[in-house]
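Trainee: Got a minute to walk me through a model? I'd like to start with single residues and then move to the fold as a whole.

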Amino acid sequence: MCGIVGYIGHRKAYPILIEGLQMLEYRGYDSAGISLYDNKLKIKKCAGKVSDLKKLFKTSNDKLGNVGIGHTRWATHGPSSDKNAHPHLSNNKKITIIHNGIIENYTSIKESLIKRGYSFSTDTDTEVLVNLIEYVMEKEKVKLGKAVKIALNQVSGAYAIVVLNTDNPSEIVCARLGSPLAVGIGEGEYFIGSDASPFLKYTKRCIYLNDEEIATISTKGLVLRNIKFDSILTPEVRELSQNVESIEKGGYDYFMLKEIFEQPSSIKNTFRGRFKLDTNEIKISGIENNIDKFLNARRIIFISCGTSWHSALFAEYLFEELLRIPVEVEYASEFKYRNPIIYDNDIVFAISQSGETADTLAAVKLAKENNAFIYGICNVVGSSLTRETDSGSYTHAGPEIGVASTKAFTSQVALLLLIALDLGKKMNIIDSEKYQFLLQELYNLPSRIEKVLESAKLIEEIAEKYYEAPNCIYLGRKYNFPIALEGALKLKEISYIHAEAYPAAEMKHGPIALIDEHMPVVVVATKKGNYDKILNNVMEIQARSGKIIAIVTQGDKEIKKLANHCIEIPEADEITASILATIPLQLLSYYIAVKKGCNVDQPRNLAKSVTVE
């Protein structure tokens with residue numbers, strides 16, 4: 001959600017900024033802008049895409065300067081428009097700012113500044129913040145870094161900001177609270193980004209700012225301080241392992257399709273180093289180092305949002321069946337506000353692909369205040385979640401650029417199954433035969449996904465028949481219910497078709513009224529687990545002339561007689577068959593969205609990393 005780039009050094013800033021913004025387009029945005037300094041400040045911004053912004057830089061003179069900042073905005077305060085796009089400028093025309101997040105008390109600050117003679121031309125909270133910084137500089141007679149520090153101690157909310165002052169254009173000031181910010185370190189130059197992708201081609205050395213940290217950056221160096229205290233901090237410099245190629249399309253039309261086809265390798269990466277089939281050994285350091293916490297846990301609570309919430313729901317079925325321990329699954333966005341009961345021997349699993357989901361981070365902080373043990377499941381190394389949790393595991397799915405999550409989801413559920421198996425063995429709950437069998441099933445998962453991907457052409461043909469449908473219903477039982485929810489979410493996210501998912505038995509309690517000859521119904525009907533029951537549900541749909549698209553186990557005969565279309569997956573146990581069934585649902589959504597002419601990687605109104613509550 002929103003993207004930040006910045007540069008100060010010996011290179012021309014414009015190409016770095018514009019390429020950086022393009023690298024951050026996956027985060028979701030509706031307007032874009034750049035500030036460049038070359039003896040004077042140049043600001044160009046517009047509603048629309050980065051490609052529209054590029055058209056505003058008509059001459060080479062527009063692109064001059066060795067320092068600059070850029071931004072892609074996802075509208076919060078005020079609609080998407082040219083005036084509301086970032087960067088924003090202070091009243092004295094000297095200070096320019098870009099900002100991710102929300103300043104919650106901006107209204108009262110704005111009223112105070114208006115009384116002091118300040119005027120405002122936008123609807124944004126960001127323009128309020130830049131003028132507060134100007135006011136502090138003039139009133140306190142301090143430099144930019146000190147003024148930013150004082151101003152941020154007067155605001156509440158979340159932010160990642162980058163600020164440039166034309167009176168001293170040889171330095172940039174940046175700070176964060178609750179919204180990610182990374183600084184790339186080169187030779188006599190610095191790069192700034194919401195994540196590392198904008199500067200990977202220039203440097204692999206990186207600093208991730210922690211909450212309430214402020215950095216003053218010039219070509220001479222970087223000084224890091226705490227926002228509340230004035231002591232100088234020693235930054236932790238990380239050596240990044242990812243490369244530019246990992247965040248390029250690699251010949252695919254869309255990142256989403258690339259990431260769907262990457263799932264055999266992403267799941268292998270999730271498993272790598274964590275289990276050995278020949279010795280039946282699982283080794284997950286986050287579990288091993290805290291095993292007493294798990295052995296003495298009263299219950300497990302999962303907190304997450306969106307796709308990660310579906311992973312958590314899958315884990316509820318999994319953990320209760322395999323570990324026989326009570327599990328609750330909570331929407332992180334609701335958890336903080338309903339005064340939840342949390343015990344000090346609870347274990348809270350927080351799941352987030354990006355590790356920057358604001359609702360999840362807020363829920364984690366609440367759980368920590370109540371002395372629960374927090375275990376994070378995350379894909380992004382160095383993210384905020386990894387610093388807030390007591391322990392955790394990375395999914396190692398690799399960069400996921402498409403806004404609609406695919407490989408991150410399957411890596412999450414695969415890792416959660418591995419964790420459940422490990423705990424089940426350590427708790428002496430899972431018998432050795434079942435443990436060995438499920439470990440073998442996990443080992444076979446990547447090759448079976450490769451087999452499912454061979455059905456892509458068939459799924460594209462099915463999509464051709466249904467891409468104009470206005471509604472769709474998804475059904476599944478037990479482990480397949482969270483998978484059905486995820487399938488419906490994917491269709492909604494990228495094709496804008498209204499889709500709902502239900503436990504299959506719930507169909508007759510209301511949703512069956514919607515079924516007629518125009519209603520596509522996607523049924524996850526794998527052979528293991530309540531097959532006879534789901535077969536009856538399919539019969540009920542057929543009796544009402546619904547169009548049935550069924551995900552079935554290879555060799556299925558009964559449902560094939562009833563369904564309009566069948567997509568086969570390899571024979572597998574009940575649990576991993578559900579993971580396999582995810583792949584056709586992803587492909588179906590993808591091909592329907594493409595047929596409709598939708599922007600698959602950047603669906604409207606959505607952001608990859610939701611950094612505001």
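Mentor: Start with Gln-412, which lies in helix H14 (residues 407-426). Helices here are DSSP runs of H or I with at least four residues, strands are runs of E with at least two, and both are numbered from the N terminus. This is a predicted model, where local features need pLDDT of at least 70, side-chain atom pairs count only at pLDDT 80 or more, and totals for chains, interfaces and linings use all residues. Residues are numbered from 1 along each chain as its sequence is written, and side-chain values use heavy atoms, with hydrogens and water left out.

Trainee: Is Gln-412 buried or exposed?

Mentor: Gln-412 is buried, because its relative accessible area is 3%. Buried means under 20% relative accessible area, exposed means over 50%, and partly exposed is in between, with a 1.4 Å probe and protein chains only.

Trainee: What does Gln-412 touch, not counting residues up to four places away in sequence?

Mentor: Ser-308, Ser-311, Ile-351, Ser-352, Gln-353, Ile-377 and Thr-395. A contact is heavy atoms within 4.5 Å.

Trainee: And how far is Gln-412 from Asp-431 in space?

Mentor: The C-alpha atoms of Gln-412 and Asp-431 are 24 Å apart, with the two positions 19 residues apart in sequence numbering.

Trainee: Try another helix. Where does Thr-576 lie?

Mentor: Thr-576 lies in helix H20. Thr-576 counts as buried because its relative accessibility is 0%. Beyond four places in sequence, its contacts are Leu-417, Glu-441, Leu-445 and Arg-448.

Trainee: Which C-alpha separation goes with Thr-576 and Leu-442?

Mentor: 7.2 Å, for two residues 134 apart along the chain.

Trainee: What does H20 give to the largest nonpolar core?

Mentor: First the core itself: it has 94 residues, and Phe-294, Phe-302, Phe-319, Phe-349, Ile-419 and Tyr-474 touch the most other members. Helix H20 (residues 574-595) gives the most to this core, with 13 residues. A second, separate core has 28 residues, among them Ile-18, Ala-182, Ala-196 and Phe-255. A nonpolar core here is a set of buried Ala, Val, Leu, Ile, Met, Phe, Trp, Tyr and Cys residues joined through side-chain atoms within 4.5 Å.

Trainee: Which residues is Tyr-474 in contact with, leaving aside neighbours within four places in sequence?

Mentor: The list for Tyr-474 is Ala-484, Gly-487, Ala-488, Leu-491, Ala-499, Glu-500, Ala-501, Tyr-502, Val-522, Leu-585, Leu-588 and Ser-589.

Trainee: Switching to H5. How many of its residues are buried?

Mentor: 7 of the 9 residues in helix H5 (residues 144-152) are buried. Those are Leu-144, Gly-145, Ala-147, Val-148, Lys-149, Ala-151 and Leu-152.

Trainee: What do they pack against?

Mentor: Helix H4 (125-140) and five strands: E6 (95-103), E7 (157-165), E8 (171-177), E12 (213-218) and E13 (221-226).

Trainee: Backbone geometry next. Which peptide bond is cis?

Mentor: The one from His-86 to Pro-87, with omega near 0 degrees. Pro-87 sits in the loop between strand E4 (67-73) and strand E5 (88-89).

Trainee: What is phi for Lys-93 and for Lys-478?

Mentor: Lys-93 has phi near 65 degrees, a positive value in a residue other than glycine. Lys-93 is in the loop between E5 and E6, and counts as exposed because its relative accessibility is 57%. For Lys-478, also not a glycine, phi is positive and near 50 degrees. Lys-478 is in the loop between strand E23 (471-476) and helix H17 (480-495), and is partly exposed, with a relative accessible area of 28%.

Trainee: Now the whole chain. How many helices and strands are there?

Mentor: 20 helices and 27 strands. Buried residues make up 60% of the 613 residues. Among contacts with a separation of 6 or more, 70% join residues 24 or more positions apart.

Trainee: What is the radius of gyration?

Mentor: 26 Å, which agrees with the value near 25 Å for a compact globule of 613 residues. The radius is taken over C-alpha atoms, and the globule rule is 2.2 Å times the number of residues to the power 0.38. Along the principal axes, the C-alpha atoms fill a box of roughly 80 × 55 × 45 Å.
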